[in-house]
Structures are given as C-alpha cells and as structure tokens.
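I sat down with this model today and kept notes as I went. Here is what I looked up, in the order I looked.

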Amino acid sequence: MRPEYLYTNPKTLLNKGTGYLSGYTHSLNPYTGCSYGCSYCYVRQMPVNTFRNAEWGTWVDIKQEAAVIFQKELRKAKAKGPVTIFMSSSTDPYQPIEQKEMVTRSLLEVMVEYPPDFLFVQTRSPFVRRDIDLLLRLGDKVRVSMTVETDREDIRKHFTPSAPPIPARLQTLQLLKDAGIPTQATIAPVLPSSEEFAEKLHDVVSRVCIDDYFMGDGSGGKRTKRLGIDALYKEKGLEEWYRPSAYRLVYERLLKVFNEEQIYISQKGFEP
Ligand code: SF4
C-alpha cells in the first residue's frame, strides 16, 4: 500500500540529543513517519504516531524548506560550541520518498558547507549510496551505520516486509567502504540469523554494533513487549531468539572473526 504523504512546514529541524542519544548535541529527522513500518519499531508507541490515528508505516510527512531552516539552526548551534548530530532517530533518512524529495540530501549539502563536529547517519537503505559524493566531503566527521539485523531474508521479510533486502545492504556497505567512508553494520535488534552471519559482515565492515530490545529500547524490553513482537517469534518457532541472552550467541559468533575492539555493544555503538 502506498503511504500517505503530506507536506509540512516545521519551525525547527534540530532536536536536543537526549536519553539514548545524550552523547549527541542534536538529533535530526528529515521526515516524520517512516514507510518501512518495521514491526518492532519503537516509534510506533511514541506520541508522534499514537496521536496520528493511522497505522505506523502508512504515513510520512515531508518537511518543506528543511534546508533553509536547518542552515540557520546549524550555524547558530555551531556558534555556541561543538555540534554532533544523529540522523535519524525516528525515521529512515533514505526511505523511498527521499529519491523524489531529496530532503536528506539537502540537509547534507548544508552540512558540507557548515560541517558539524560529527554526523552519525543511521539507515537501512541502500539508497544512501546516492550521497557518497557529499559524505566523502565530511571526511572522518561522519559514520554511516547500516542496520543489518540478520543475514536471513526469510526473517527480514517476516519482521520487516517493507524494508530493503539484506544483500543490497551488504553490497552498499562494501561500496561505502571502498569509497573510503567510515561505516558500521548495526545488528539492532538482534533477529534470528545464521552461523555465517559474522563472516558475511566481516567481508564488508570493520566495525559492528549489536543491540537488542532489552538493552536498547529504553525500557528494558517493556516497550517492545507492548508491541506484541513475541508473537512473530512464536509463528516461526524461534522463541529462543526473543530473550536477553540471544545477543550473546551472535556476539560469540562475531568474536570468531572480529576483534573485541571492533564490536560495540548497545549505546556505545551509537556514540559519536
Ligand atoms: S526504518 Fe527505523 S524508523 Fe523506520 S520503521 Fe524501521 S525501525 Fe522505525
């Protein structure tokens, strides 16, 4: 189903980095809403969605004149001190509508002109490759974090049917690495994966972050529980993966091919 798109005129783009993102001065969301509509997305329960009266994943607001507003805010923030930005915390900056609207690209153009001290780009979309030219101009002040929760396409389709295929994400990580852009693969949340997962990641990244519902949803897993995610595990007979200990299995597998220093756990993997 095509999401409902709405043009909005926000007054601000930059938000203060708080809670899980307290290591950042700001968070930045080019869109409100996300057409990937992942089953486990914690934004489903946030006021931005609950007040909406529509299913998460079926609506996206496109922020008009975003670059103009952002440029003013960024310059002002930079004048006050160091600026570190997390993009994005409650939407995917490279979801399909970005191909047409280019809001994210317009914000990156501003950041090339007025570089923040650090930019963390969080996405699960291979479309980030379009912006390699701009990302390169940010040098080592940027890191692209690609969500790769599993290497199993059947699992990806079960939990996030509208999200991009895993092989395309791995190829994109390879492409970014070859271009010289700092990257990481982010296994968040930990979904059931194969024994070969660690090796597949080792081929394309030198840094991995691993996080799960229990460490990373900001409520010890309670938020996720309210989403009823356990039913999706049950349907596949994979309940053992919906436990606080499941991440250990993936961690042990990663340790066979990565050094300990290359593996970041939970919040540490998202810090500037
Ligand atoms: S891509 Fe991220 S923001 Fe979008 S639905 Fe999935 S988890 Fe939520």
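My entries start with the ligand and then move to helices and strands.

**Entry 1: the ligand**

I reminded myself that I am reading a predicted model. I first asked which residues are around the ligand. I found Cys 34, Tyr 36, Gly 37, Cys 38, Cys 41, Val 43, Ser 90, Thr 91, Asp 92 and Arg 124. Sorting this shell by type, I got five nonpolar, three polar and two charged residues.

**Entry 2: helix α2**

Next I checked the length of α2, which runs over residues 66-80. At 1.5 Å a residue, its 15 residues should span 21 Å, and I see the end C-alpha atoms 21 Å apart, which agrees.

Then I asked which residues of α2 are buried. They are Ala 66, Ala 67, Phe 70 and Leu 74. These cover an arc of only 75 degrees around the axis, which puts them on the same side of α2. I noted the textbook reason for such a pattern: an α-helix has 3.6 residues a turn, so residues three or four places apart point the same way.

Turning to the other side of α2, I found Val 68, Lys 76, Ala 79 and Lys 80 exposed. I also wanted to know what covers the buried residues of α2. The cover includes β2 (14-16), β5 (59-63) and α4 (103-113). Just after α2 comes Gly 81, and its phi is positive, near 160 degrees.

**Entry 3: helix α4**

Since α4 is part of that cover, I looked at it next. Its buried residues are Val 103, Thr 104, Leu 107, Leu 108, Val 110 and Met 111. Viewed down the axis of α4, they fall within an arc of 155 degrees, so they line one face of the helix.

**Entry 4: strand β7 and its partners**

How many of the six residues of β7 are buried? I counted six of six in this strand, residues 118-123. I split them by side: Phe 118, Phe 120 and Gln 122 are on one, Leu 119, Val 121 and Thr 123 on the other, so both faces are covered. In a regular strand the side chains alternate between the two faces of the sheet.

I then followed the pairing outward. β7 pairs with β6 (residues 84-87) in the parallel sense over four bridges, and I found Phe 86 opposite Phe 120. With β8 (residues 142-147), β7 again pairs in the parallel sense, over five bridges; here Val 121 stands opposite Val 144. β6 in turn pairs with β3 (residues 26-28), parallel over two bridges, where His 26 stands opposite Ile 85.

**Entry 5: the three-stranded sheet**

My last stop was an open sheet with the order β1-β5-β4 and mixed pairing. β1 (4-8) and β4 (31-32) stand at the edges with a single partner strand each, so one side of each has no neighbour in the sheet. I checked how β4 meets β5: they pair in the antiparallel sense over two bridges. In that pairing, Thr 32 has Asp 61 of β5 as its bridge partner.

Technical notes: Residues are numbered from 1 along each chain as its sequence is written. This is a predicted model: local features need pLDDT of at least 70, side-chain atom pairs count only at pLDDT 80 or more; totals for chains, interfaces and linings use all residues. A residue is near a molecule or strand if its C-beta atom, placed from the backbone, lies within 6 Å of it. Ala, Val, Leu, Ile, Met, Phe, Trp, Tyr, Cys and Pro count as nonpolar, Asp, Glu, Lys and Arg as charged, and the others, Gly among them, as polar. The expected span of a helix is 1.5 Å times one less than its number of residues. A residue is buried if 20 or more other C-beta atoms lie within 10 Å of its own, exposed if 12 or fewer, and partly exposed in between; C-beta atoms are placed from the backbone. The arc is that of the directions from the helix axis to the C-beta atoms. Two residues are in contact if their C-beta atoms, placed from the backbone, lie within 7 Å. Two strands pair if DSSP finds at least two bridges between them.
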